[in-house]
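Biologist: Please take one part of this model and go through it closely. I would like the sheet and what packs around it, with residue names wherever they can be given.

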2 protein chains.
Amino acid sequence: MDQIFDARPFRPPACAMVGVLYVLSLAASVALATSRGDSVLALPGSESWISAKAKRDADAIIKEAFSSSTVYDRLAYITDTFGPRLSGSSALESALDWAKDQAQKDGLKVYEEEVKIPSWVRGREYASLLSPRTKNIRIIGLGGSISTPDGKPLVAKALVVNSFDELEKINHQAEGRIVVFNPDFVDYDTTVPYRAFAASTAEKYGAVAVLVRSISPYGLQTVHAGVMNDAGIPAAAITLEDAKMFERMQNRNQDIVIELYMEAHTLPDRLSRNVIIEMEGCEKPQELVVFGGHMDSWDNADGAMDDGGGAFISWEVIRLLKVLGLKPKRTLRAILFVNEENGSKGAISYANKHQHEANLTSLAIESDAGTFTPYGISVTSSKKARAILTHIGQRLLSGIGSGNVSGTEYGEDVSYLADQGVPAGSLQVLDPRYGDYANNPCRAFGDGVSGETDPMKSAYFWYHHTEADTIDKLDPEQLQHCAATMAIWTYTVANLDSLLPR
Amino acid sequence: MDQIFDARPFRPPACAMVGVLYVLSLAASVALATSRGDSVLALPGSESWISAKAKRDADAIIKEAFSSSTVYDRLAYITDTFGPRLSGSSALESALDWAKDQAQKDGLKVYEEEVKIPSWVRGREYASLLSPRTKNIRIIGLGGSISTPDGKPLVAKALVVNSFDELEKINHQAEGRIVVFNPDFVDYDTTVPYRAFAASTAEKYGAVAVLVRSISPYGLQTVHAGVMNDAGIPAAAITLEDAKMFERMQNRNQDIVIELYMEAHTLPDRLSRNVIIEMEGCEKPQELVVFGGHMDSWDNADGAMDDGGGAFISWEVIRLLKVLGLKPKRTLRAILFVNEENGSKGAISYANKHQHEANLTSLAIESDAGTFTPYGISVTSSKKARAILTHIGQRLLSGIGSGNVSGTEYGEDVSYLADQGVPAGSLQVLDPRYGDYANNPCRAFGDGVSGETDPMKSAYFWYHHTEADTIDKLDPEQLQHCAATMAIWTYTVANLDSLLPR
């Protein structure tokens with residue numbers, strides 16, 4: 001893999017605006033670090049290959065980003081104006097149109113790539129508890145669910161289980177029941193399979209519908225939407241409060257009778273598009289650094305956090321470089337993906353269409369886990385690439401706290417590029433209320449109120465897929481901080497002498 | 001005031017179960033303390049007038065209280081079974097019936113006192129944003145509001161203001177408008193006047209309705225109910241999120257057009273009752289210590305926190321003493337008040353009916369600020385009474401952390417007794433997430449997410465008057481802890497040689 005390193009110490013500048021050398025003696029220092037295995041932090045400080053120009057550019061990006069509230073202002077405008085942006089909705093298309101037009105007004109290169117996306121429609125829906133007392137039950141049908149049969153309300157007794165294992169043990173009781181899944185929230189990845197597989201699992205045992213406790217550590221009678229796997233019975237999320245109430249009622253041997261009505265159905269696929277905002281590389285335009293977020297949201301959510309923030313900080317990267325007159329060696333491509341929530345067709349379409357560029361793509365980063373205070377990137381890559389990124393973070397981003405390289409996770413929208421071998425990553429953020437801050441809604445609450453479970457890094461999953469995912473949960477400064485962070489990582493990688501080593 | 005102290009050192013026991021002397025040399029030690037002004041904490045430890053029997057009783061109460069989850073189990077049962085308990089509803093009456101029956105099954109003396117209460121009915125209600133985009137706006141009509149005129153939806157432009165002062169400045173713009181009040185939450189007492197007076201204030205300037213940002217530091221698209229003062233225009237609470245959105249829209253010079261529909265109306269008063277659970281004093285039965293909480297809740301709220309917890313820990317006090325065979329010298333009276341939320345008719349009725357007992361009532365305590373971990377009582381009283389209470393707290397309750405006497409606040413339901421000169425107080429609680437705990441939703445969030453404002457003592461106002469005020473927000477152990485605390489304060493005061501000094 002050494003061939004990817006260009007160790008010429010004084011290669012003349014190739015791009016008009018890149019007036020001085022960007023990286024120096026890269027191979028030597030990285031080789032030193034990676035020969036120690038994982039101890040990439042051991043790069044000796046005196047041997048940095050980061051140039052003074054790179055440092056000046058990074059500082060300029062930070063200064064420019066911090067001087068405005070562009071991301072917040074634009075995101076507030078689209079969330080207030082268009083509202084939720086589910087795939088297939090006119091709101092999504094209007095928001096994409098607006099972003100495209102506005103990016104053009106920024107003087108940026110913008111283009112679209114057609115994507116065929118699903119169009120699932122919720123229709124009307126409700127649930128009522130009929131016994132042991134009458135009560136409206138707040139629900140949100142899960143994405144991809146079918147309607148209740150024959151367009152009619154369905155009335156059945158409930159069976160409450162806390163886990164798939166528990167259902168297996170008493171599966172003979174599920175016939176004809178609405179199975180209520182009441183799993184404790186552990187973390188998103190651990191608990192979300194209940195949303196995905198509750199219906200198809202319960203269906204096997206003759207259940208007529210499922211209601212799944214919202215996949216969240218906390219709520220205030222909050223329902224959390226989300227996609228489910230195909231099943232022949234309808235499925236909806238309920239609140240934490242109601243799921244626990246059903247469990248108490250069952251523990252009292254009370255018959256729980258629920259009426260459920262859902263009109264959910266799937267329309268024919270529609271045409272939409274990924275909107276791509278690009279800054280062409282001045283030296284190696286055919287080589288790429290790609291990054292982005294997704295523009296679609298659930299139909300109950302303004303999608304400020306998930307994932308307007310991720311999409312708009314990516315756009316802001318290109319705008320900042322343009323304003324500063326900075327030109328990367330390689331092409332930077334900010335992608336506003338569509339249909340991340342229920343199909344990933346935007347990500348799949350991009351990966352398929354650009355398969356020939358996989359070997360030319362140095363890095364793919366997504367922001368889709370909130371846009372609180374950034375602390376770095378998670379990345380899956382070779383050790384050598386990790387060493388390079390770690391050095392960039394230490395030299396250019398530690399001043400604003402977002403220079404850490406940790407973890408190996410990447411988001412859904414870059415996962416298809418990762419499958420093609422592209423080093424892939426995600427922006428990592430910390431809720432500023434995390435840690436020692438007293439004002440911290442960031443721990444998993446578990447079932448109690450004593451807060452003894454492990455902390456999470458942000459309140460992201462309080463808002464995720466809910467109508468509380470609104471712009472007021474975001475902070476203008478934090479958004480600009482995220483944009484500066486994304487800009488420095490991507491611009492610096494785009495200016496390396498070589499692609500990141502696979 | 002010295003005559004109230006009975007300093008006889010070895011008065012023989014008067015009640016069958018009070019086998020040893022309860023208090024010793026009271027006057028001497030208290031006089032010592034109060035002669036130093038407010039420094040009641042300076043009571044010398046070696047001169048306690050708390051008897052060994054009092055300490056044994058307190059320890060027995062704590063042990064018995066901690067051995068069960070009675071309050072939680074009962075409260076979960078009534079909230080799950082009857083749901084919200086607004087004054088005038090059959091749910092309230094059913095819950096009162098159940099509590100009365102169950103307390104009788106506990107072997108306790110229970111009786112009712114009739115109270116005429118208002119019956120305000122919400123009916124159907126909705127609001128929609130028509131421009132600049134269409135969106136359902138979650139509302140909850142304020143208690144006492146009238147309907148929209150002629151039983152029809154009302155459509156008008158909105159005018160957003162952040163304060164009464166701002167409305168005064170631009171009051172000429174209010175004519176024909178729906179005035180949206182968007183005040184920052186400071187603390188409940190500071191901010192709740194917006195709920196109370198928004199409609200009557202805006203009405204003066206020709207507004208056709210008001211929408212008031214929910215009086216809460218935080219929400220997840222949560223609407224908070226509450227009572228308002230009489231006005232000739234309809235009024236409803238909206239979420240923090242929507243109030244802030246309207247402000248952003250106005251700042252963009254967008255016309256905000258809202259459709260509002262409310263059927264709210266007031267029916268004739270109904271008969272209800274305070275339910276009183278009593279343990280007669282064995283020595284001075286005509287003298288009293290009263291305490292309680294309220295049984296009514298808003299019609300959107302199960303009322304677990306506000307105030308089922310307060311009512312049921314009061315009932316639990318009497319149950320605990322009965323189980324332990326402890327008999328107070330004076331009568332203990334646990335009152336399950338009705339109609340605290342929108343009329344205080346239960347409190348007023350009790351105070352009027354028992355006016356002749358005001359001079360015989362040693363202390364009146366309410367629990368209506370949450371039933372998290374108790375840390376003591378707030379009390380308005382003479383310095384001498386405060387010194388006595390402080391000594392009780394130090395000697396009997398400091399072991400479980402709830403022996404502090406702080407503040408001078410008391411709750412609504414004991415305020416009419418306070419007006420009659422009765423020393424009055426409130427149970428004080430701390431959310432265990434308060435302070436150093438990282439899992440802390442207890443700070444006022446203000447407008448941002450950075451949590452820089454002063455801490456509150458609990459998440460009470462996250463749940464208060466909302467559909468999220470459900471039993472799962474309470475903790476069985478904390479409830480028993482509250483019950484033990486209330487029991488020791490009231491039982492010990494009931495056993496003093498004299499009434500608390502006025």
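Modeller: What follows goes through the sheet of each chain, then the core, one loop residue and one helix.

The model is a predicted one. In chain A, 8 strands make up an open sheet with mixed pairing, and their order is E3-E2-E9-E5-E6-E7-E8-E4. The edges are taken by strand E3 (135–137) and strand E4 (139–141) of chain A; each has a single partner strand, so one side of each has no neighbour in the sheet. From one strand to the next the twist averages 35°.

Within this sheet, strand E2 (residues 125–131) and strand E9 (residues 257–262) of chain A run antiparallel and are joined by 6 bridges. One of the residue pairs can be named: Ser131(A) has Val257(A) in E9(A) as its bridge partner. Helix H7 (residues 193–204) of chain A lies across strand E6 (178–181), strand E7 (209–213) and strand E8 (235–238) of chain A, and it runs at about 155° to E7(A).

Chain B also has an open sheet of 8 strands, in the order E3-E2-E9-E5-E6-E7-E8-E4, with mixed pairing. Strand E3 (135–137) and strand E4 (139–141) of chain B stand at its edges with a single partner strand each, so one side of each is left without a neighbour in the sheet. The twist there averages 35° from one strand to the next. Strand E5 (residues 154–161) of chain B is joined to strand E9 (residues 257–262) of chain B by 4 bridges, and the two run antiparallel. Val155(B) has Glu259(B) in E9(B) as its bridge partner. Helix H7 (residues 193–204) of chain B lies across strand E6 (178–181), E7 and E8 of chain B, at about 155° to E7(B).

Next, the core. The largest nonpolar core has 276 residues, and those touching the most other members are Phe181(A), Phe246(A), Phe181(B) and Phe246(B). Beyond its neighbours within four places in sequence, Phe246(A) is in contact with Leu129(A), Ile137(A), Val160(A), Val180(A), Ile238(A), Ile256(A) and Ile258(A). Another core, of 16 residues, lies apart from the largest one; among its members are Ala347(A), Ala358(A), Ala364(A) and Ala424(A).

Returning to the sheet of chain B, the loop between strand E7 (209–213) and strand E8 (235–238) holds Thr222(B). Thr222(B) has 4% relative accessibility, and the cut-off for buried is under 20%, so Thr222(B) counts as buried. Its side chain reaches the backbone nitrogen of Leu220(B) at 2.8 Å. Leaving aside neighbours within four places in sequence, the contacts of Thr222(B) are Leu220(A), Ser214(B), Thr239(B), Glu241(B) and Thr466(B).

Last, helix H3 (residues 70–82) of chain A. Its 13 residues, at 1.5 Å a residue, should span 18 Å, and the end C-alpha atoms are 18 Å apart, which agrees. H3(A) is mostly covered, with 11 of its 13 residues buried. Among the buried ones are Tyr72(A), Arg74(A), Leu75(A), Ile78(A), Asp80(A) and Phe82(A). The cover over the buried residues includes helix H4 (90–105), helix H9 (304–324) and helix H14 (476–494) of chain A, together with helix H8 (240–251) of chain B. Just after H3(A), Gly83(A) has a positive phi of about 70°.

Technical notes: Residues numbered from 1 in each chain as written. Chains lettered and ligands numbered in written order. Predicted model: local features only at pLDDT ≥ 70, side-chain atom pairs only at ≥ 80, totals over all residues. Heavy atoms only, no water. Buried < 20%, exposed > 50% of the residue type's maximum accessible area, 1.4 Å probe, protein only. Polar contact = N/O pair within 3.5 Å; in protein donor to acceptor, adjacent residues only side chain to side chain. Contact = heavy atoms within 4.5 Å. Pairing = 2+ DSSP bridges. Axes fitted to C-alpha atoms, helices over the stretch in contact; angles between N-to-C directions. Expected span 1.5 Å × (residues − 1). Core = buried A, V, L, I, M, F, W, Y, C linked by side-chain atoms within 4.5 Å.
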